[in-house]
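Colleague: I have a two-chain model open and would like to learn how to read it. Can you walk me through it, chain by chain?

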Amino acid sequence: MGRSPLLLSVPVAVGYVPLGAVFGFLFVQAGGAWWMAIASSVLIYAGASQFMMIPMLTAGLPIGSIALATLVVNLRHVFYGLSLLHLVPKNGLAKFYLIFGLTDETYSLLTTLPAETTPMQRVWLTLINQMWWVSGTALGAVLGSQVQTQLAGLDFALVALFAVLVVEQWRARSSAKPLWVALLSYPVAWLIWPAHALLAAIGMSVVAAIWLDWITHGR
Amino acid sequence: MDDSTYVILTIVAMGAVTFAIRALPFMTGRWLQRHPQVQRLGRFLPLSIMVLLTLHSLRDIAGSWAGQLWPEVLALTLVIGLQWWRRHALLSIAVGTLLYLWLRNGF
């Protein structure tokens, strides 16, 4: 049997509850309704892209553009399923949920579980992890709708979060090229299309990534 | 953010896209394994995207302050340094944001 899923998810809780709270807080402070923050954590359940949606929603970007940016940010999740193909339950709904809940943290936990872990234990673990994320979000959203902050610059937390993700992505990098591509494309995008600089820069980075891959590896 | 329909539709679209990405290997696992360029793209892009999001949200914030940008530079340096040193996301975010609040509000 091994340890219970609840115990195994404690390290995830330590990260998910406070980070979920930061998301809920910032979402509400940016003008979103508290229940929409919770709906995001229930229906999307993907940390980085949920944080990304805050500035995009306040900028009023088209839904198609936000969906495209979500695709790019979450592209790495495509490869999570590959290492779990044989571990998912046969049951339709349980299988559906485990695939839905495949975040970075859940993936790394699921892949390190002992081999005798049953598929249903994996599903429970996935569900408990999302519970932490949703509870954190609710906590932050309620707090954010109570507090009328007079402090200017609280939204720096969002910059800080993205910077943290940059450092962690940098540790896992295979080259420095993604950094240079981004540092070059943003100013260029800003110059030619200031109103949609983020979207233009993402587009330029994708094209540059494909082009660089084509040069180094051929077709 | 005032238009509920817009926010709800965005949430639904993002949820659908995220689920589709996570479900893809369960439908086309072999196709993905045969296309290493897609895998390399998946390793390349996240770092670029995070850098772009940092720059963009930084520009949003800096835009609301006229003139000097040294508080942004100082706080961002602290966040990156702390994260590099301690690898504790929450600590880096909290300390960096507190420093920024202090620099901008001066209490």
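**Reading the two chains**

Modeller: Start with chain B. Read along the sequence, its elements follow the pattern α-α-α-α. That comes to 4 helices and 0 strands. Keep in mind that this is a predicted model.

Colleague: Is chain B spread out or compact, judged by its radius of gyration?

Modeller: Compare the value with what the globule rule gives for a chain of that length. For 107 residues the rule gives 13 Å. Chain B has 19 Å, well over that, so it is more spread out than a compact globule. Along its principal axes, the C-alpha trace spans about 60 × 40 × 25 Å.

Colleague: Into which domains is chain B divided?

Modeller: Look at the bounds, then at the spacing. Domain 1 of chain B covers 1-34, and domain 2 covers 65-107. Their C-alpha centres lie 33 Å apart.

Colleague: What share of chain B counts as buried?

Modeller: Burial here is a count of neighbours: 20 or more other C-beta atoms within 10 Å makes a residue buried. In chain B, 38% of the 107 residues pass. In chain A, buried residues make up 46% of 219.

Colleague: On to chain A. How many helices and strands does it have?

Modeller: Chain A has 11 helices and 0 strands. From the N terminus on, the order is α-α-α-α-α-α-α-α-α-α-α.

Colleague: How does the radius of gyration of chain A sit against that of a compact globule?

Modeller: Apply the test used for chain B. A compact globule of 219 residues would have a value near 17 Å; chain A has 19 Å, which agrees. The box filled by its C-alpha atoms is roughly 60 × 55 × 30 Å, taken along the principal axes.

Colleague: What do the contacts within chain A join?

Modeller: Check how far apart the partners sit in sequence. Take contacts between residues at least 6 apart. Of these, 75% join residues at least 24 apart.

Colleague: Now the interface. How many residues of each chain are in contact?

Modeller: Count each side separately. Chain A gives 74 residues, in contact with 61 residues of chain B. Several helices of chain A give two or more residues to this side, among them α2 (10-29), α4 (47-58) and α11 (197-217). The largest share, 14 residues, comes from α9(A).

Colleague: What is the chemical make-up of that side of chain A?

Modeller: Sort the residues by class. The side of chain A that touches chain B divides into 56 nonpolar, 14 polar and 4 charged residues.

Notes:
Residues are numbered from 1 along each chain as its sequence is written. Chains are lettered from A and ligands numbered from 1 in the order in which they are written. This is a predicted model: local features need pLDDT of at least 70, side-chain atom pairs count only at pLDDT 80 or more; totals for chains, interfaces and linings use all residues. Two residues are in contact if their C-beta atoms, placed from the backbone, lie within 7 Å. Ala, Val, Leu, Ile, Met, Phe, Trp, Tyr, Cys and Pro count as nonpolar, Asp, Glu, Lys and Arg as charged, and the others, Gly among them, as polar. The radius of gyration is taken over C-alpha atoms; the globule rule is 2.2 Å times the number of residues to the power 0.38. A residue is buried if 20 or more other C-beta atoms lie within 10 Å of its own, exposed if 12 or fewer, and partly exposed in between; C-beta atoms are placed from the backbone. Domain bounds come from an automatic or database domain assignment.
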